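Visitor: Please take me through one part of this model in detail, and tell me what surrounds it.

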Protein chains: 2
Amino acid sequence: MFDFKYYTPTKVVFGKGTESKVAELIKEFGGKKVLIHYGGGSVIRSGLMKKVTDTLDEAGISYVSLGGAVPNPRLGLVREGIELCKKENIDFLLAVGGGSAIDSAKAIGYGVFNEGDVWDFYDYKRQAKGCLPLGVILTIAATGSEMSDSSVITKEEGLVKRGYSSDFGRAKFAIMNPELTMTLPDYQTSCGCTDIMMHTMERYFSNGGHMELTDSLAEGLLRTVKENAKILVKDPKNYDARAEVMWAGSLAHNGLTGCGSDGGDWMTHKLEHELGGLYDVAHGAGLAAIWGSWARYVYKDCLPRFKRFAIKVMDVPEVGTDEEIALKGIEAVEDFYREINMPTNLRELGVNATEEDMKVMAHKCAVGVNGGKGSAKFLKEEDMFAIFKAAK
Amino acid sequence: MFDFKYYTPTKVVFGKGTESKVAELIKEFGGKKVLIHYGGGSVIRSGLMKKVTDTLDEAGISYVSLGGAVPNPRLGLVREGIELCKKENIDFLLAVGGGSAIDSAKAIGYGVFNEGDVWDFYDYKRQAKGCLPLGVILTIAATGSEMSDSSVITKEEGLVKRGYSSDFGRAKFAIMNPELTMTLPDYQTSCGCTDIMMHTMERYFSNGGHMELTDSLAEGLLRTVKENAKILVKDPKNYDARAEVMWAGSLAHNGLTGCGSDGGDWMTHKLEHELGGLYDVAHGAGLAAIWGSWARYVYKDCLPRFKRFAIKVMDVPEVGTDEEIALKGIEAVEDFYREINMPTNLRELGVNATEEDMKVMAHKCAVGVNGGKGSAKFLKEEDMFAIFKAAK
């Protein structure tokens, strides 16, 4: 068991109609002039944005809006947001949307608070000294960014996708109304469930440090998301299933399911970041397309964890050798992906990558992790290439 | 499933030697003049206090000390602490110890920040508008007060024990070094494990609102504490078991295991508060002495939960009627209490209460909850009396 820090200051307000609390919460955390940052037009078409601005108007809180945050949110828009905040003397950020809007808002917050180029943080060149305070109205359960310390931004030049983590970026509050996620396309719902589970699986599959309490919380969370993801495929308007998934999304990535571990593996995420940078695929689907190939490549080096996972999460009977049980667990995950209409390889993801593309992605990934990374198994560039090839 | 709020801003620094971070953390949260509040001499004899004051001296943080917080901490000392803080212009509280020191420090914090009599808050007369910032170095895993919003104080006059809950009382940071709990007497360790489990059991046994994710986290936590409590009876210096129990103590009472429920039942706690007020017994032992009688009195009104608990937490085989399974679960809890040397009735607790005493306790308890309370089963004064009698 390793020492750990756990810091989740985000005030969560969870349930039906909770978006009506937004002005009250912004005031509680001292916001006077707000940038509302969002993605596409869906939050406008659904009427959510009008509800939000009406509430702010009524409370006498002034605001400006900036839309356009896309999946794999772009540095260009972040820079635009920073300029806008400086020009308008913004002192509070409100992200309305999913991980794209939240991550983009975090990056804007770092850029406004700190001198110099905001990309420096994502390029591992220096640490932020603070961030503009941020609140969230969540409309997609997936990235966990509403409670996590991390954000991921893509630089257009060279399509470089990088993450930056800092406690300064943790949201002051997160409004979570499961009803707001009901209008999501089914594919996005399944992508979200995949991403949520992966945030905890990345922490779970490690060779350094374990805590029984953390493991049992992680396993409970993974079982819950798995079962409710299957419910949502058939019954997308099921409130309870939406709520289970939404709350799991926050807990899967706020640090809870990693306490006492070495920090986890995270190589499936790193490999997917290269895919997402190059092909602009949905993050959750990209993870699903890679995970099985990653798991088969590394499981022998992390056998006790893969065995435990198979039994405790995927309900594999404890029959046969450890390897057989571990492999059945991996197969069960792929069966689950198919059941919720997620891909299990690049072809099903719609990515027709040549070997040359894979070499480029493996190289960029290796550079991004200073040559190598991984706790279940330490992967170097040639391993990354092999996993991409296996995922074809 | 009910709507919920979840707010756990406490920065947790967990692991070996983490007490050395105390000055750094106090500075991070703006403390300049500190009241160190503690209980008996054990934190002095162990050398912990010297480590703490050396660290503060080195960092140039000034402080005064106030010891004497006892189990079931007293209002008199709280008033003394409030006066001392005002006289010394204290701007930060550091509790070093377990629930007694932390709860007492929270009450001092309310008293310093707010005008008027601090007992008003505990007497449900008004709400606090703030609290002096508080940090914790935890030496006993039990009450969860290091991350919870609650504190419990006993007024000497009439021996009235009352709890007050407010987000203002949540600690800014909690330093948790499992090694600091190793010198606890075995009885106190078992009392702590009982209290920890009960904080989550009180939330679990309810008839209003449930969330599968919350339930599975609660069950994982309860299983973990149960197994590690048994380890600690035989091997009190087991670091990993100490760490599991310590972290579970915080998560059991910070709100996590109640998300989506109606808030839980809490009647075992309320009944024990009367015992603790009158007989000054250890809180955890008092809970163990009452729980079985409470459970047998209420289980038919909350049968699905008692059945699920029996199977998922106490490993009762799913054989027989629901009632039989539920009763076997209750018996298994009592067997567990005996295994960790906890009482299962008042006699074993060392309390020889007359029927008259029980009438007084039931009456005080009923007054304290405005006539009645309980989610597993709503209890009125006569029910409380019946449970005390059954626990004899």
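Guide: Here is a close look at one helix, followed by a short step out to where the chains touch. Please keep in mind that this is a predicted model, in which local features need pLDDT of at least 70, side-chain atom pairs count only at pLDDT 80 or more, and totals for chains, interfaces and linings use all residues. Residues are numbered from 1 along each chain as its sequence is written, while chains are lettered from A and ligands numbered from 1 in the order in which they are written.

Our helix is α13 of chain B, residues 322-339 (helices are DSSP runs of H or I with at least four residues, strands runs of E with at least two, numbered from the N terminus). Its 18 residues reach 26 Å from first C-alpha to last, close to the 26 Å expected at 1.5 Å a residue (1.5 Å times one less than the number of residues). Just after α13(B), B:Asn341 takes a positive phi of about 65°.

The buried residues of α13(B) are B:Ile325, B:Ala326, B:Leu327, B:Lys328, B:Gly329, B:Ile330, B:Val333, B:Phe336 and B:Tyr337 (buried: 20 or more other C-beta atoms within 10 Å of the residue's own, with C-beta atoms placed from the backbone). They pack against α8 (212-234), α11 (283-298) and α12 (303-312) of chain B.

Let's stay with α11(B). Its axis and that of α13(B) come within 10 Å and cross at roughly 170° (axes are lines fitted to C-alpha atoms over the stretch in contact, with angles from 0 to 180 degrees between N-to-C directions). The two helices, α11(B) and α13(B), are therefore roughly antiparallel to each other (angles over 145 degrees). On the α11(B) side, B:Ala288, B:Trp291, B:Gly292, B:Ala295 and B:Arg296 meet B:Ile330, B:Val333, B:Glu334 and B:Tyr337 of α13(B) (contact: C-beta atoms, placed from the backbone, within 7 Å). The residues of this contact divide into six nonpolar, one polar and two charged (nonpolar: Ala, Val, Leu, Ile, Met, Phe, Trp, Tyr, Cys and Pro; charged: Asp, Glu, Lys and Arg; polar: the others, Gly among them).

Now for the step outwards: 31 residues of chain A are in contact with 31 residues of chain B. On the chain A side, β1 (4-14), α8 (212-234) and α9 (239-251) each give two or more residues, and β1(A) gives the most, with ten. That side divides into 16 nonpolar, six polar and nine charged residues.

Note on methods
Contact = placed C-beta atoms within 7 Å. Buried ≥ 20, exposed ≤ 12 C-beta atoms within 10 Å, placed from the backbone. Parallel < 35°, antiparallel > 145°, perpendicular 65-115°, else oblique.
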